[in-house]
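Subject: The structure I promised you

Hi,

Here is the structure for you to look through. Open it up first, and then read my notes below with it on your screen.

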Amino acid sequence: MIPAINITDILSNDHNFQSIMRNMLQTTLDMSFDGVMITEAGPGYPIVYVNSAFCEMTGYALEDLLGKSPKLLQGENTDKRVLDDLKEKIEVGSIFHGKTMNYRKDGTEFIMEWKIVPVRNKHEKISHYLAIQREIDEDKLEFSPLDTKLPFDL
Ligand SMILES: Cc1cc2nc3c(=O)[nH]c(=O)nc-3n(C[C@H](O)[C@H](O)[C@H](O)COP(=O)(O)O)c2cc1C
């Protein structure tokens with residue numbers, strides 16, 4: 001279950017609200033144990049942010065990734081069906097949850113579970129995508145990559 005507490009309600013009486021929220025969001029992303037990637041919604045999904053957990057997981061430095069497409073993480077064992085499913089879901093505003101084979105900078109493979117969430121601007125248009133990613137042990141995965149039902153409640 002997603003927790004019911006809305007963080008904006010806790011701070012809404014504070015006159016520094018915008019600034020506190022910005023700092024909190026930045027710290028949460030930077031300090032997360034999971035890899036976080038944010039891309040633009042345009043062609044190739046150019047990367048605009050990755051956190052240090054993402055760099056540690058993949059061996060890439062921030063400068064290697066900014067402006068590039070996440071497809072640089074793909075290789076010969078990447079399952080095209082997963083990518084087609086991902087594209088179909090996120091471009092209509094749905095959340096994608098799946099797993100894929102990714103490739104580190106040194107070419108080694110690892111299996112990654114990830115969620116991609118469309119982010120809308122004030123005009124309700126999808127402007128960015130946010131991905132939360134973690135390396136997994138194949139044996140511990142409880143669902144198939146092509147399952148459309150999310151294994152958690154929203
Ligand atoms: C936020 C985000 C994160 C992504 N992360 C990965 C990833 O880790 N591995 C991967 O193979 N594809 C990932 N993709 C999908 C690739 O970007 C996509 O397959 C590639 O850009 C080709 O897209 P196209 O079919 O539109 O050319 C990600 C996409 C988005 C939007």
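Let's start with strand β1, residues 35-40. Its covered face has G35, M37 and T39, while V36, I38 and E40 make up the uncovered one. That fits a general rule: in a regular strand the side chains alternate between the two faces of the sheet.

Before going on, two notes on reading this. Residues are numbered from 1 along each chain as its sequence is written. The model is predicted, so local features need pLDDT of at least 70 and side-chain atom pairs count only at pLDDT 80 or more, while totals for chains, interfaces and linings use all residues.

**The overall layout**

The chain has five helices and five strands; these are DSSP runs numbered from the N terminus, with helices being H or I of at least four residues and strands being E of at least two. Along the sequence they come in the order α-α-β-β-α-α-α-β-β-β. Buried residues are 16% of the 154 in the chain. Here "buried" means 20 or more other C-beta atoms within 10 Å of the residue's own, "exposed" means 12 or fewer, and "partly exposed" is in between, with C-beta atoms placed from the backbone.

**How the strands pair**

Two strands pair if DSSP finds at least two bridges between them. β1 runs antiparallel to β5 (residues 126-135), with six bridges joining them. β1 also pairs with β2 (residues 47-50), again in the antiparallel sense, over three bridges. Have a look at T39: Y129 in β5 stands opposite it, and so does I47 in β2. I38, meanwhile, stands opposite L130 in β5. β5 is also joined to β4 by nine bridges, and these two strands run antiparallel. One pair to find there is M112, whose bridge partner in β5 is E135.

**Two turns worth a look**

β1 and β2 form a hairpin with six residues between them, and in the turn G44 has a positive phi of about 80°. Next to look at is Y45, in the loop between β1 and β2, with a positive phi near 50° even though it is not glycine. Most residues other than glycine have a negative phi. Is Y45 buried or exposed? Y45 counts as buried because 21 other C-beta atoms lie within 10 Å.

The hairpin of β4 and β5 has five residues between its strands, and there E124 takes a positive phi near 70°. E124 sits in the loop between β4 (109-120) and β5. E124 is exposed, because 8 other C-beta atoms are within 10 Å.

**Around the ligand**

Which residues come nearest to the ligand? Of the 18 around it, they are Y45, P70, K71, Y129 and A131; a residue is near if its C-beta atom, placed from the backbone, lies within 6 Å. The elements that give two or more residues to this shell are β1, α5 (80-91), β3 (96-103) and β5. α5 gives the most, with three residues. The shell divides into nine nonpolar, seven polar and two charged residues. For that split, Ala, Val, Leu, Ile, Met, Phe, Trp, Tyr, Cys and Pro are nonpolar, Asp, Glu, Lys and Arg are charged, and the others, Gly among them, are polar.

**The nonpolar core**

A nonpolar core is a set of buried Ala, Val, Leu, Ile, Met, Phe, Trp, Tyr and Cys residues joined through C-beta atoms within 7 Å. The largest one has 13 residues, and those with the most contacts inside it are M37, V50, I90, I116, Y129 and A131. β2, α5, β4 and β5 each supply at least two residues of this core. Leaving aside neighbours within four places in sequence, A131 is in contact with M37, W114, K115 and I116. "In contact" means that the C-beta atoms, placed from the backbone, lie within 7 Å.

**Two helices and a loop**

α5 has 12 residues and reaches 17 Å from its first C-alpha to its last, close to the 16 Å expected at 1.5 Å a residue. The expected span is 1.5 Å times one less than the number of residues. Just after α5, G93 takes a positive phi of about 90°. V92 lies in the loop between α5 and β3, and V92 is exposed, because 9 other C-beta atoms are within 10 Å.

Helix α2 (residues 17-31) lies largely in the open, because zero of its 15 residues are buried.

Happy exploring!

How values were computed. Two residues are in contact if their C-beta atoms, placed from the backbone, lie within 7 Å.
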